[in-house]
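Reader: I'd like a close look at one part of this model: the aromatic rings and what sits around them. Could you walk me through how they pair up?

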Amino acid sequence: ASSTGAEGARGEPVPGGERPAQEEVPEYHDPVDASTYSAALDAKVAELERLFSPLMQQASIPILNAKGVDRSVSVRPEVFPSPPLNFRSRCRFQVMWEDAPVTAESTGISPGESVEPGRRLSYRMWNKGKPTVPITEFPMALREIEELMPAVLREAEAHPELGDGLQAIHFLASRGIRGGMLVTMVYGRPIDEAWKTAAEGPRARLKAAMGDIRERVYGGGDDDDGFAALAGPRGDDEEFDATALNILGRSRGTQIVVGDACHVFERLTLRDGRRMSYRQAEGAFSNPNSFMAESTLDWLCDCAATTVREALAGTSEHSVEAAPPSLLELYSGNGNHTVALAKYFDRVAAVELSGVLCEAARENLARNGVENTKVLHSPSESVARGMLRRKKRHEEGRVGKAAMAAAATGAGDGSKRGDGSGMDFDINAYDVVLVDPPRAGLDPDTLDLVSRFDVVLYISCDPRKGLLENAVGPHAARVLDTGEFEGEFKGWSGLAR
């Protein structure tokens, strides 16, 4: 719940003893005390264990006993904590003009310098439809974002073309001495070439400042060894330099790039030694905590190499010596999971609703040398309905040989979005299903499809929405904490059935 005490953002008394509605401090801006993180994480894990306790006691689940699964000891979740501070690589803020006293702290200048009083920009967030108090620090963000934030405001204050009509500022970054930074400035008025011209100088200064910041944060070390082979056609140095810092201006119907790109490249290192390179586009969903993205991929790969093989070995269709299984991935996004998991499967079909994310997935697969995966642009429920209809026709003997052959091979590239009728995929052609659905959980059609698989990998950002009701007897579980300090459960949970 939001803070309601009669104190300011940093504890200053508020006249009258009550804070105006617009001065509420939301839970995500409560002062962050990293020393409380372990206790907060323990509470999250305890709540997860309480919610799933009947399913964790696998010996009591008839369906597993019927399959000969002897698990007399309950599954204990493996816990991977987030860094308590400086972990978010994607941050979005509203901005507001205000008449405020000018201090060295508010402007970032040294106390000996002078500055004319006047209107100042401040970062805000929305809480219950109202702006919060000014945000002067945000320790959850990567340090390079946190240190760049005041410099971006100063540039907008100093240039009327940048500050006029400015409503929000978004940051998208990637870790590392050669990481990228994209600053998006959102306007409530039209912007044009005059805006672009005005932004060129600030972009150059912010890019230079970003270089200094990364030197301080990462100590000038080269953390990119081994990634050269993952670069695109432009080459590693040129490609990553192009994303060092760019500005994107957005207004209704208009998008103007000042610089070389409106994306960053994120590099993730896995426990098995592999290094993955991902193109993260502005405005598209990605895991805001790249530390947790690495841990999620580690867990999924562990499951694919061990739990999946063990589970399939117990079915009539597979044996330990059988060829690698096949994977159907729903809600595949930009291919974050797909890229890492593909090596463990003979073939992969990745289904995603967003065309932008489908294109990003294809690029990320190519960047990482993955060739056994097909990306399909379609809602998961449409694919589910199509696969279930085909299964029913097959059971009724109404599927011809040509259609069956197309279903087994996944004929059609699925590049155009449709209603699922063109998705010639046979449910029997896939051994494992991976779902990473929205917060609301699985829709009825997708749930029906997923429930027919013997092996299910389920990633959930809120396990109370859908996962709790739909999970049956997990073989393995992991709590992947986002690092947020909210009292409610917010993190990723993974279950393998």
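Author: Sure, and first the ground rule: rings of Phe, Tyr and Trp (for Trp, its six-membered ring) count as a pair if their centres lie within 6.5 Å, with planes over 60 degrees apart called edge-to-face. Keep in mind that this is a predicted model. Going by that rule, you get five aromatic pairs. Take Phe-93 and Phe-138: they meet edge-to-face, with 5.2 Å centre to centre and 90° between the planes. Phe-93 belongs to strand β2 (residues 90-100), while Phe-138 is in the loop between β5 (130-131) and α4 (143-158), so this pair ties together parts that are 45 residues apart in sequence. Both Phe-93 and Phe-138 are buried.

Another of the pairs is Tyr-187 with Trp-195, again edge-to-face, at 6.0 Å centre to centre and 75° between the planes. The cut-off for buried is under 20% relative accessible area, so Tyr-187, at 4% relative accessibility, counts as buried. Trp-195 counts as buried too, because its relative accessibility is 0%.

Back to Phe-93 and Phe-138 for a moment: ring pairs link these two with Tyr-123 and Phe-171 into a cluster.

Then there are the charges over rings. Arg-175 lies over the face of Phe-291, 3.9 Å from the ring centre. Arg-347 does likewise with Tyr-430, lying over the ring's face at 5.5 Å from its centre.

Terms used: Residues are numbered from 1 along each chain as its sequence is written. This is a predicted model: local features need pLDDT of at least 70, side-chain atom pairs count only at pLDDT 80 or more; totals for chains, interfaces and linings use all residues. Side-chain values use heavy atoms; hydrogens and water are left out. Rings of Phe, Tyr and Trp (its six-membered ring) pair if their centres lie within 6.5 Å; planes under 30 degrees apart count as stacked, over 60 as edge-to-face and the rest as tilted. Helices (H or I, at least four residues) and strands (E, at least two) are DSSP runs, numbered from the N terminus. Buried means under 20% relative accessible area, exposed over 50%, partly exposed in between (1.4 Å probe, protein chains only). A charge sits over a ring if NZ of Lys or CZ of Arg is within 6 Å of the ring centre and within 35 degrees of the ring normal.
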